[in-house]
Amino acid sequence: MTTETLAEVAIEQNIKQFLLVLSVSLSIATLPQFFSWFRQIPYTLLLVIVGLGLAFVDVRLVNLSPQLILTIFLPPLLFEAAWNMEWTKLKRDLVPITLFAILGVVISVIGVGLALNQTAGVTIGIALLLGACVAATDPVSVIALFRELGVEKRLTILMEGESLFNDGIAVVAFSFVVGFALGTDTLELQELIARFFTVVGIGIGCGCVVGFGISYLTQRFDLPLVEQSLTLVSAYGTYIITEDLGGSGVIGVVTTGLVLGNFGSRIGMQPSTRLAVTQFWDFLAFFVNSIVFLLIGDQIKFNDLGANLGLIAITIAAMIVTRAIAIFGLGWLSNILVKSEISWSDELILWWGGLRGSVAIALALSVPEVLPQRTQIISVVFGVVLFTLLVQGLTTKPLVTKFKPSSDQAVRQEYLEAIARWVAMNRVLEHLTQANLRPEIDPEFYRYQKALVEGQLDDVQQDMNKLRNEHPQLRDFAVEQLQEELLAIEADTYAELVRGGRLNDKLPPMLEEVFKQMNK
């Protein structure tokens, strides 16, 4: 066979494997609709369990590689989370999130490394390498569970914000430790600090350039499909460019997502375009997660796990202890320094909900093949990830149910849905009034439709009144929502004037003032 023929066969085989993985994942997604018991298990964990079943009977769907996870799967997952992250809420807890993401990773790497070195006799270089691999949290399943149970938004922001930033910090730490394990680098403090700020700085710089560049570019036109495509290009483009420049691609993608989600989508996109882009990224995140978590379970090699049970147990124990030190210790420090007021129950859920996932797997697979302990490192990391997903992931729900700090979020969501119905029905009534002027509309039909809509409006209004009477705190929440709506309308109006050429193409001072008001 010629080279071209072999390439065509390989492409065809890859497409078949991809379609097989996708078919299995989507089939699993429908199981809770037919069997109610499966609704107790988060979707991503269900994927891991099915993947384990396939691995047990030695059915391998596709081989994971670090390039596949880091270059193809990770950018869209990071961008989607950053796009949906509200800067106004993230800013309020930026200090504890930064402490958890930076010092928490350092504590995890050193703590796990010392535990393996002192108790199992693992060389310090390999021990630190294992610590770096399991330092990044990936609480996708826990975040989905939070939304299902109506846990307060702040706890979700703390966990997701930490995960977004510590992914990048863990990748940076891994790059430092690899050289030390190979004997080519030394871990000198001054050099480490300089390299850290360089790598992170390049990531933030590239993310800002791409994010603000696209933000101002989209002011010039209103093409929803083009703008949607630009966000996809920005996610992958930022990652590749930042890595090529020697920075952290993860930090770059997160920065781009934050800028476009909180700034670019406001000044450069129509509300309908923002909604379309958000829906697109929700779909893409679901799509990628469906593949990644199934493949994590499918890649498990039970023989290798059995051969390294002792190291896996030590790593898990050290990881849980260091996580507790990081969350409770740094949480206490944040409460002292900036009065973060993170409660004990919040810290407990953050501690136990710090699952490990795709980033840990990708880092383990990235270990150079010249290291003789590479297979052992991969087995230990897979074992740790499996423990966090199945044991911690499946036990987080009863923990959250018992200790969740507030049930207001579920009530607020119900109230927001009632407001949405009220707004929608009022618009229907307004359109119906205009339609009455048409000569072809029968007056009797108009009166019937109007009475029907007005009856639905009365029902919605009664529901809203009942919620406000039963939950007086909703009155303050309603005022906050109205203020945000008014500021959003003002911002959209200025952005529309910029796009129409009636204001200069630079961000008007009044729009800057609006964003300051929204960020308070």
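Begin by selecting cysteine 208 and cysteine 206 in this predicted model. Cysteine 206 holds the closest cysteine sulfur to that of cysteine 208, yet the two sulfurs are 9.5 Å apart, which is too far for a bond. A disulfide requires sulfur atoms within 2.5 Å, and the structure holds 0 disulfides. Cysteine 208 is partly exposed, with a relative accessibility of 26%. Next, select cysteine 133: its relative accessible area is 0%, so this residue is buried.

Now display the whole protein chain as a cartoon. The chain contains 21 helices and 0 strands. Of its 520 residues, 48% count as buried. Among contacts between residues at least 6 apart in sequence, 82% join residues at least 24 apart. If a surface is switched on, the accessible area of the protein chain comes to about 25,000 Å², and carbon and sulfur atoms account for 63% of that area.

The interior is the next stop. Select Leu129, Phe146, Phe174, Ile377, Val381 and Leu389, the residues with the most contacts inside the largest nonpolar core, which has 120 residues. Helix H8, residues 153-182, supplies the largest share of this core, with 14 residues. A second, separate core has 8 residues, among them Val411, Ala418, Met464 and Leu474.

Return to leucine 129 and show its surroundings. Which residues is leucine 129 in contact with, leaving aside neighbours within four places in sequence? They are Phe174, Val177, Val178, Ala181, Val367, Leu371 and Ile377.

Move next to the surface and select Val95, Trp332, Ile336, Leu337 and Val338. These residues form a nonpolar patch with about 500 Å² of accessible area together. Helix H14, residues 309-338, gives the most to the patch, with 4 residues. Leucine 337 is found in helix H14. Is leucine 337 buried or exposed? Its relative accessible area is 57%; the threshold for exposed is over 50%, and leucine 337 is therefore exposed.

Finally, follow the chain from H14 into the loop that leads to helix H15 (344-352), and select serine 340 there. Serine 340 has a relative accessible area of 9% and is buried, whereas leucine 337 is exposed. Which residues does serine 340 touch, not counting those up to four places away in sequence? Displaying its contacts brings up Pro96, Arg154, Ser334 and Asn335.

Conventions: Residues numbered from 1 in each chain as written. Predicted model: local features only at pLDDT ≥ 70, side-chain atom pairs only at ≥ 80, totals over all residues. Heavy atoms only, no water. Buried < 20%, exposed > 50% of the residue type's maximum accessible area, 1.4 Å probe, protein only. Core = buried A, V, L, I, M, F, W, Y, C linked by side-chain atoms within 4.5 Å. Helix = DSSP H or I, 4+ residues; strand = E, 2+ residues; numbered from the N terminus. Contact = heavy atoms within 4.5 Å. Patch = residues over 30% accessible without salt bridge, like charges linked within 9 Å, V, L, I, M, F, W, Y side chains within 5 Å. Areas by Shrake-Rupley, 256 points an atom, 1.4 Å probe, with all protein chains shown as cover. Salt bridge = Lys/Arg side-chain N within 4 Å of Asp/Glu carboxyl O.
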